[in-house]
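Reader: I am new to reading protein structures, and I would like to take a close look at one part of this one. Could you go through it slowly with me?

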Amino acid sequence: MNKIPPTFYETSNINSIKIDILNEIILQRYNILSKIFEIFEKNKNVKENFSQIFSQIQIDAQKFSWNDPNKLELDIASHFILSLYFCRHDSDNFWFCQQESRLFQLKVNYFKYDMFETLKTLGIPLKEVDNNIKNNLNDKIYFNSINNINEKIFFVPFEHALTLVPTKKYFLFKGDIYIPQSEIQNLLFIVFQQKLQNKLTKIQKHFDDIIQDNRISNILKHFESEREKNSIEEETIPNDQKLHRMEDVEKYYKKSFPLCMIMIQNHINENSHLMHFGRLQYTLFLKGAGLPVEETLKFFKKKFEKKTPSDKFEKQYAYNIRHSYGLEGKRSDYAPYSCTKIFNMNSPNSQECHGCPFKNYSVEKLKPILFGLGLNEENVLTILNKKKNNEFPLCCIKYFEAVFPGEEYEKVGFHPNKYFNSAMKILSKRNSNKIQYENNKEVEMKQN
Ligand code: SF4
């Protein structure tokens, strides 16, 4: 058993680290957390595969020496900066806290930290129940959580384990909560999570003061732009998985667009119009999906024609569309918006349609939409439960899994174009399987 206690990130110091190293490790930690998120959401048996998952993570974590107390500064600094970055919005806050807790869980398992010692140093007085008392309590203690009748039982004043109480899994008696040895890990994770949550709340309160420090605000800005780039890193999309002509938008949107883009397309179909932020979000998405600028212009012109004559369209909208493609003004190559950028857009008013529906729509509004798109009750309830928890990326993942059960995906919930790429890959695979099947059948028929 490892005698070194795991870190709870109670102090932070970034002063001794060079900025370029800080920038690099922050991005690296973020990538590790994103990977953890995907692995945990895709893998139904994570608990049985902790060591394997941690080994996978370690490949990307070369800069972190999680088990060397002398080299913890990069770990602590990157955790601190990301706490600052993610503390501002509830959904980010939840996501960050969840991934950091999972990382903690993986480390505790992998390095076999001494949990009792760790809890002791945290001031949590865990005591073993002596055998006489244990025999008297047997009936009461052994409900859901027991693994083995001879297992040791510990107790702790319940104020140290408040979040265990509502689970109704543990026996509560005279102000103490009784926990079997095999469940002590849970207590440790909960303590970690509570501490992190409290810290994020504190940081959030002082956020404006903290970013007065230029060094910190520059690091956050740098991370923000790197994260945007990183979320849609260059990948060569095969031709058959791109949009080529304006007709492809109608053909594919229900099958392969994420919900935010389906809602925008529905809005255009119904209103023959789309306000500024929606146009921006959608144009950049279409650009990322491969649609050439001439086709995007044709698409909007056609869709708007009921309300917007051609010359007005040219004057009012064509410039902005070409601008998004980097053909006007500064000629910057604007990247399609990531999910985070979309989550953080202003809430749409009644005439607008931009943003993420998992975030912006109420449960009552979302429910019939999901049923209307063919999802079954179980899937709809799963998504709505995640939504109630502000887990918007996870809603998107669950939506994808409902539309494409059992299929592979990558970075869904991080970027709408990644959703599209994953969906198109599946459709293309299905299409070639179908062609192959038909060819085989034709050959068979000829042979007969
Ligand atoms: Fe769109 Fe991202 Fe929301 Fe999914 S999570 S609907 S891709 S913004």
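Reader: Which residues make the nonpolar surface patch of about 250 Å², and what can be said about the part of the chain around them?

Author: This is a predicted model, and in it the nonpolar surface patch of about 250 Å² is made by Phe158, Leu162 and Leu172. To place these residues, it helps to start with Leu162, which is found in the loop that runs between strand E2 (153-157) and strand E3 (171-173). Leu162 is partly exposed, because its relative accessible area is 45%, and a residue counts as partly exposed when its value lies between the limits of 20% for buried and 50% for exposed.

The two strands on either side of that loop belong to an open sheet of four strands, whose order is E1-E2-E4-E3 and whose pairing is antiparallel. In this sheet, strand E1 (127-128) and E3 stand at the edges, and each has a single partner strand, so one side of each is left without a neighbour in the sheet. For E3, there is a pairing with strand E4 (residues 176-180), which is antiparallel and extends over three bridges. Leu172, which we met as one of the residues of the patch, stands opposite Ile177 in E4.

Taken together, the patch joins Leu162, from the loop between E2 and E3, with Leu172, whose opposite residue in E4 is Ile177, and with Phe158.

Notes. Residues are numbered from 1 along each chain as its sequence is written. This is a predicted model: local features need pLDDT of at least 70, side-chain atom pairs count only at pLDDT 80 or more; totals for chains, interfaces and linings use all residues. Side-chain values use heavy atoms; hydrogens and water are left out. Patches are made of residues with over 30% relative accessible area and no salt bridge: like charges are joined within 9 Å, nonpolar side chains (Val, Leu, Ile, Met, Phe, Trp, Tyr) within 5 Å. Accessible areas come from the Shrake-Rupley method with a 1.4 Å probe; for residues, only the protein chains shown count as cover. A salt bridge is a side-chain nitrogen of Lys or Arg within 4 Å of a carboxyl oxygen of Asp or Glu. Buried means under 20% relative accessible area, exposed over 50%, partly exposed in between (1.4 Å probe, protein chains only). Two strands pair if DSSP finds at least two bridges between them.
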